[in-house]
Amino acid sequence: MPVHNSEISDIFGKMADLLEIKGANQFRVRAYRNGALSISNLSKSLRNMVSEGVDLTDIEGIGKDLSDKIKEIIETGYLEELQELELEFPGGLIDILKIQGLGPKKVKVLYDELNIGNVDELRKAAENNDIRKLSGFGAKTEENILDGIKAREEKGEDKRFLFAKAEEFILSLTEYIKGINGVNKVTVAGSYRRRKETIGDIDILVTCKDRDIVMDKFTNYEDVNKVVSQGNTKSTIILNSGLQVDLRVVDGESYGSALLYFTGSKAHNVVLRSIAKDKGLKVSEYGIFKGDKNLASKTEESVYKKLGLSYIVPELRENNGEVEASKNNQLPKLVELNDIKGDLQMHSHYSDGSNTIREMVEAARKMGYEYIAITDHSKRVTMAGGLKRDDVLKQLEEINKLNEEYDDITILKSIEVDILKDGTLDLSDDILKELDLTVCSTHYNRNLSREEQTKRILAAMENPYFNILAHPTGRIIGKRGEIDVDMEKIIESAKKNNCFLEINAYPKRLDLSDNYCRLAREMGLKLSISTDAHSINDLNNMIYGINQARRGWQRPEDIINTRSLKELLQLLKKD
DNA sequence: GCCGTTTTCGGCCCGACTGTTTTCAGTCG
């Protein structure tokens, strides 16, 4: 029975939700949540770890009990204790818990008093004004519940925004805030600053002269749909897009500690606070304190320093070993946008791209690239106008001519060749051997079993002309999951066959995930970062791939397209 | 339920805001 880390993490999340409604010890609830988070951050699959006999209690937040529960889930596909809890409380309560303003205590009262077990029943009760009669509830709460239900329906359940999409809203909002009279610093903190692939909500920190003016202007921003709260230090709005934004006004003196606190992640902050505690200190958004004395607060660096740590960049703040690395001065120097010397996946009008090769080359020259690879689709991908043998030959001719014309950039001859169901490549070796490199990917037969899917890709990697596995899991964030593969085996095989995996920078893909990037780094496999551009504008997406790589602990030397053309070709060479 | 150079029990982050109640509990991040 295939059980993935995300499923185990979800089960522990549900356990936490239902236990909380039940009124269980809050620290027990937290233990489940910590366990869920810890699992979702793992680079290796628990399934493989169990079969290899790894001691799961080595994982932070996993003790004897959760370790046994993980094994139970992997063996049986479910957790008996959760099933028992679901008999006590309807599963629909978890949906109610997700509505803004409703926490475990209120949900339990609603269930106990009015027998409300799902969102529909909740809506009816609110519309009948039954809820305001309950002690602790009132007319305003009822109104907020209806608003909350509506917001969830409009926004869609658990909807997070793609980083690139959230960025659009954030840029115009921060411009607006910067224009408010008396505003000094404006910084977007939270998961946006950590460059997560998706963003739940936005935290903006400002320093200013007059708090009231800023809060007033903020809640009256033209794109506001609802003002959730407005106070002196914190206000919350929901934009018309459904994106929630918190604005926090802080003193310049505590800017660093506030930035640290509101950038998170929560797990990172918890570790920092425990280090502080061991040293007899206390960390809050106002500073790092010894008794009442504030030792440091102005910059993040100063707070880290008081904890005996070197500065940790936001992308690494997930409690994935970054604190330990900082303590030992072993933090990696992460790859940056200007390390990139070329782009190894893009499409032209030969297949489904919207620009000519020449236009792509001109755009790449403006970006200062030393090389690009033109990687149109191969024939199997009919929908995208995949290239047949003769089309490829024609394209190679055009590229040869262009290469004669330009002396500041090299156009690498390549193709995004489809990996067929049986693991063979969609074009024969005699044409592949004419190319400088191949970018290989799966587009069809996404539903194969884990064993078959893995076997398919391993077989393809045995082909002597296989260079880069593009968008390795085929996911589309928020729309389509990953194909089921054993990534450890794929990475092993890539190393063995001198192949590489791609970080696809396309905002909807960002494939590899940060966890898989870390796995590749741990296993010593190099990656490429490519935009998969279908137009000249898409070439600018490289930054999103860089973000992903940085979250995956990638250094410049781990990325093949940080190399000069000469070094790159050397790396691609098979023995 | 997890964790541990104060290790097998006792602690586990805490401050802001809202809505209800009348001094504070619940929620959120």
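A salt bridge is a side-chain nitrogen of Lys or Arg within 4 Å of a carboxyl oxygen of Asp or Glu. The legends below describe close-up views of a predicted model.

**Figure 1. Salt bridge between Glu197 and Arg475.** The closest N and O atoms of Glu197 and Arg475 are 3.0 Å apart. Glu197 is found in the loop between α11 (190-193) and β3 (198-199), and Arg475 in the loop between β16 (468-469) and α21 (487-496), so this pair ties together parts of the chain that are 278 residues apart in sequence. Glu197 has a relative accessible area of 18% and is therefore buried, the limit for this class being under 20%. Arg475 is also buried, with a relative accessible area of 9%. By the rule given above, the model holds 41 salt bridges.

**Figure 2. Salt bridge between Lys496 and Glu462.** Here the closest N and O atoms are 3.2 Å apart. Lys496 belongs to helix α21, whereas Glu462 lies in the loop between α20 (450-461) and β16; the two residues are 34 residues apart, and their pairing links distant parts of the chain. Lys496 counts as exposed because its relative accessibility is 63%, and the class begins over 50%. Glu462, with a relative accessible area of 45%, is partly exposed.

**Figure 3. Salt bridge within helix α4, between Lys64 and Asp68.** The closest N and O atoms of Lys64 and Asp68 are 2.6 Å apart. Both residues lie in helix α4, with a spacing of four residues, or about one turn of the helix. Lys64 is exposed at 62% relative accessibility, while Asp68 is partly exposed at 36% relative accessible area.

**Figure 4. Network of salt bridges formed by Asp17, Glu20, Arg33 and Lys98.** Side chains of opposite charge can pair when their charged atoms come close. In this view, salt bridges link Asp17, Glu20, Arg33 and Lys98 in a network.

**Figure 5. Protein surface near DNA strand B.** A total of 46 residues surround DNA strand B, and those that come nearest are Arg30, Gly101, Gly138, Thr141 and Gln230. By class, the residues of this surface are 13 nonpolar, 16 polar and 17 charged. At least two residues each are supplied by α2 (26-40), α4 (64-76), α7 (104-114), α9 (139-155), β4 (201-208), β5 (224-230), β7 (244-249) and α14 (266-278). The largest share, five residues, comes from α2.

**Figure 6. Contacts with the phosphates of DNA strand B.** Sugar or phosphate accounts for 79% of the atoms of DNA strand B within 4 Å of the protein, and bases account for the rest. Thr141 places a polar side-chain atom 2.7 Å from a phosphate oxygen of DNA strand B. Gly61 approaches through its backbone, where an N or O atom lies 2.8 Å from a phosphate oxygen of the strand. For Asn232, a polar backbone atom is 3.0 Å from a phosphate oxygen of DNA strand B.

**Figure 7. The second largest pocket.** Rolling a probe the size of a water molecule over the atoms shows where empty space is left. The second largest pocket contains about 480 Å³ of space. Its lining consists of 20 residues, of which Asp352, His443, Ile476, Arg480 and Arg509 are the closest to the centre of the pocket. The lining residues comprise six nonpolar, six polar and eight charged.

Key:
Residues numbered from 1 in each chain as written. Chains lettered and ligands numbered in written order. Predicted model: local features only at pLDDT ≥ 70, side-chain atom pairs only at ≥ 80, totals over all residues. Heavy atoms only, no water. Near = heavy atom within 4 Å. Polar contact = N/O pair within 3.5 Å; in protein donor to acceptor, adjacent residues only side chain to side chain. Nonpolar A, V, L, I, M, F, W, Y, C, P; charged D, E, K, R; others polar. 1 Å grid on protein atoms, 1.4 Å probe; cavity = no way out; pocket = protein on both sides within 12 Å on 5 of 7 lines; lining within 4 Å. Points joined across faces, edges and corners; volume = space filled by probe spheres on them. Buried < 20%, exposed > 50% of the residue type's maximum accessible area, 1.4 Å probe, protein only.
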